[in-house]
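Here is a small set of exercises to work through at your own pace. Have your viewer ready, and try each task before reading its solution.

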Amino acid sequence: MSISRRAVIASALAAAAIGSGRAGAAADGETPPTILKLQKRSIEVNGKSASVYAIRQPDGTAGLTTAVGRQFRVRVENQLDVPSLIHWHGMTPPWQQDGVPGVSGPPIPAGGSADYDFPLRFGGTFWMHSHEGLQEQLLLAAPLIIHDDRDEPGQQEVVMKLHDFSFTPPEEIYASLRTPKKMVGMAGDHAAAMGGGMGGMAMPAKSGAATPDLNDVTYDAFLANDRTLADPDIVKVEPGGRVLLRVINGSAMSNFHLDLGALGGELIAVDGFRVRPVTARRFPVAVAQRLDIRLAIPRGAAAHPVLAILEGTARQTGIVLVAGAGAVTRMPDATARPSPALSLDLERSLRAVTPLAPRKVDRVHNVGLTGDMAAYVWSINNVAWTKNVPPLPVAEGERVELVMTNKTGMAHPMHLHGHEFQVVEIDGKRFPGAVRDTVLVRPNGRVVVAFDANNPGWWAFHCHLLYHQAGGMFTTIRYV
Ligand SMILES: [Cu+2]
């Protein structure tokens with residue numbers, strides 16, 4: 001294996017970050033690391049070829065499937081021609097391995113590599129994605145599945161990863177959002193309907209009306225496992241069998257309603273963490289969130305579409321589970337009626353199987369979610385992120401509550417790195433909600449989460465809408 005000078009430097013940086021003796025895993029007789037390559041690849045969307053990114057093992061496997069109790073021992077090789085850094089979303093690694101450029105450490109230069117080595121202390125459905133620039137929009141993301149006792153014998157695992165897709169380069173989408181605009185007659189669904197006629201340009205979907213602001217970007221397509229409903233991922237399942245469906249919303253900007261149709265399902269975990277089971281046909285899944293759903297496949301031969309409908313619109317994507325000789329009929333990429341905006345009705349009803357231990361709260365941070373929609377500047381407590389913004393202080397061992405108050409007209413899926421939190425209040429009502437890592441805060445709404453400061457470091461805390469994060473809705477928590 002040849003290692004470039006830059007690779008050696010990047011490895012040395014990672015080794016320094018990880019601590020002496022850990023980075024040389026292959027040299028000290030331990031299991032060699034799993035290699036994850038950052039690469040370019042082509043996919044076909046709406047009959048056109050698109051150049052996107054991939055995170056894959058040398059045998060082509062996207063991302064990583066492993067098991068609780070094992071070490072996460074990975075070498076990331078950056079084979080792109082730009083710097084990158086991968087965040088292990090939902091993991092609790094030592095902070096230098098968290099993959100946020102400028103906070104956890106430097107990006108991996110083009111041609112370089114970095115090593116990771118930390119214990120996996122819980123199982124569930126997680127994912128990995130670039131935290132560098134706008135690369136996540138180009139699908140630099142992959143599943144990170146950690147098996148545990150929810151994987152029952154005889155139960156088939158199906159992963160469904162959602163993305164929003166545009167032929168417009170992400171830098172152009174962002175520049176367009178940041179440009180003061182008068183998009184006369186191009187609000188929301190009109191722009192969506194005209195998407196094809198606009199040469200694939202992602203049109204900012206701002207109306208300035210009093211309706212809730214949804215879907216800042218009008219996408220060319222929505223992908224489930226990299227495919228649209230014109231040519232969906234078709235997964236063979238056993239008639240009468242059991243399936244664990246793992247849904248990952250890897251979108252940059254798009255919240256969905258997962259729709260199981262007549263099949264229905266039992267939600268058993270959110271963001272990897274177990275909840276008391278909830279049976280339903282539809283489940284909301286905001287950007288960066290995950291759902292673990294048990295499905296009982298009926299005995300007869302049939303095709304069971306699993307759809308994801310973009311909130312506030314009729315647009316949809318999905319996969320098809322085919323039992324026996326079930327015939328697959330083509331699903332349209334739009335439903336009959338637009339869906340509503342995501343609500344927090346399900347969130348309010350969720351109860352953690354393993355809640356945080358009861359104890360007094362040591363510290364409360366009031367986190368105002370703020371912004372200027374017209375200028376597309378987003379902020380926390382009216383401060384748009386720069387490296388000079390002081391971190392929110394906490395001390396090791398504290399129980400901390402983050403009181404998030406949304407003062408904007410858009411919902412924000414807020415994500416804390418390096419810790420799991422528990423949802424303990426929505427709009428003034430306390431309850432022992434789900435343990436998770438990303439929660440949606442609706443316009444003018446208030447959500448309180450609690451976490452234990454048990455993983456010292458410097459951690460990102462931000463809106464997971466990519467262009468809101470880029471626009472400044474990002475801050476940090478630090479206790480080192
Ligand atoms: Cu946001």
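The exercises below go from the overall chain to a metal site, charged pairs, one strand residue and the empty spaces.

**Ground rules**

This is a predicted model, in which local features need pLDDT of at least 70 and side-chain atom pairs count only at pLDDT 80 or more, while totals for chains, interfaces and linings use all residues. Residues are numbered from 1 along each chain as its sequence is written, and side-chain values use heavy atoms, with hydrogens and water left out.

**Exercise 1. Describe the protein chain as a whole: its secondary structure, burial, contacts and surface.**

Step 1: Start with the secondary structure. The protein chain has five helices and 31 strands; these are DSSP runs numbered from the N terminus, with helices being H or I of at least four residues and strands E of at least two.

Step 2: Turn to burial. Of its 480 residues, 57% count as buried. Buried means under 20% relative accessible area, exposed over 50%, and partly exposed in between, using a 1.4 Å probe and protein chains only.

Step 3: Look at the contacts (heavy atoms within 4.5 Å). Among those with a separation of 6 or more, 75% are between residues 24 or more positions apart.

Step 4: Finish with the surface. The chain exposes about 18,800 Å², and carbon and sulfur atoms supply 54% of that area. Accessible areas come from the Shrake-Rupley method with a 1.4 Å probe; for residues, only the protein chains shown count as cover.

**Exercise 2. Which protein atoms are the donors of the copper ion, and how are the donor residues spaced in sequence?**

Step 1: Apply the rule. Donors are N, O and S atoms within 2.8 Å of the metal (3.2 Å for Na, K and Ca); water is not among the atoms, so sites may look incomplete.

Step 2: List the atoms. H412 gives ND1, C463 gives SG and H468 gives ND1, at 2.0 to 2.1 Å from the copper ion.

Step 3: Read off the spacing, which is H-x50-C-x4-H. H412 in strand β24 and C463 in strand β30 (residues 457-463) are 51 residues apart, and this pair links distant parts of the chain.

Step 4: Check burial. Both H412 and C463 are buried.

**Exercise 3. How many salt bridges are there, and where do R41, E420 and R348 find their partners?**

Step 1: Recall the idea and the rule. Side chains of opposite charge can pair when their charged atoms come close. A salt bridge here is a side-chain nitrogen of Lys or Arg within 4 Å of a carboxyl oxygen of Asp or Glu. The count comes to 28 salt bridges.

Step 2: Take R41, whose partner is D226, with N to O at 2.8 Å. R41 sits in strand β1 (residues 34-45) and D226 in the loop between β10 (221-224) and β11 (234-237), so the salt bridge ties together parts 185 residues apart in sequence. R41 is buried at 18% relative accessible area, whereas D226 is partly exposed at 21%.

Step 3: Take E420, which pairs with R121 at 3.1 Å, N to O. E420 is in the loop between β24 (412-416) and β25 (421-426), and R121 in the loop between β6 (113-119) and β7 (124-130), so this pair ties together parts 299 residues apart in sequence. R121 is partly exposed, at 48%.

Step 4: Take R348, which meets D345 with the closest N and O atoms 3.2 Å apart. Both lie in helix α4 (residues 345-349), three residues apart, about one turn of the helix. R348 is partly exposed at 35%, and D345 is exposed at 54%.

Step 5: Look for shared partners. D148, R150, D151, E157, R246 and D292 are joined into one network by such salt bridges.

**Exercise 4. Which residues does T65 touch, not counting residues up to four places away in sequence?**

Step 1: Locate T65 in strand β3 (residues 64-67). T65 is partly exposed, with 44% relative accessible area.

Step 2: Find the neighbours. With that exclusion, T65 touches I145 and H147. The C-alpha atoms of T65 and I145 are separated by 4.6 Å, although the two are 80 residues apart along the chain.

**Exercise 5. What is the volume of the largest pocket, and which residues lie nearest its centre?**

Step 1: Set the terms. On a 1 Å grid over the protein atoms alone, a pocket is an open set of points with protein on both sides within 12 Å along at least five of seven lines, and a cavity is a set where a 1.4 Å probe fits but cannot get out; lining residues have an atom within 4 Å of a point. Grid points are joined across faces, edges and corners, and a volume is the space filled by probe spheres set on the points.

Step 2: Read the pocket. Its volume is about 470 Å³. There are 23 lining residues, with N46, A221, T228, L229 and A230 nearest the centre.

Step 3: Assign the lining to elements. β1, β10 and β19 (316-323) each give two or more residues to the largest pocket, and β1 gives the most, with three.
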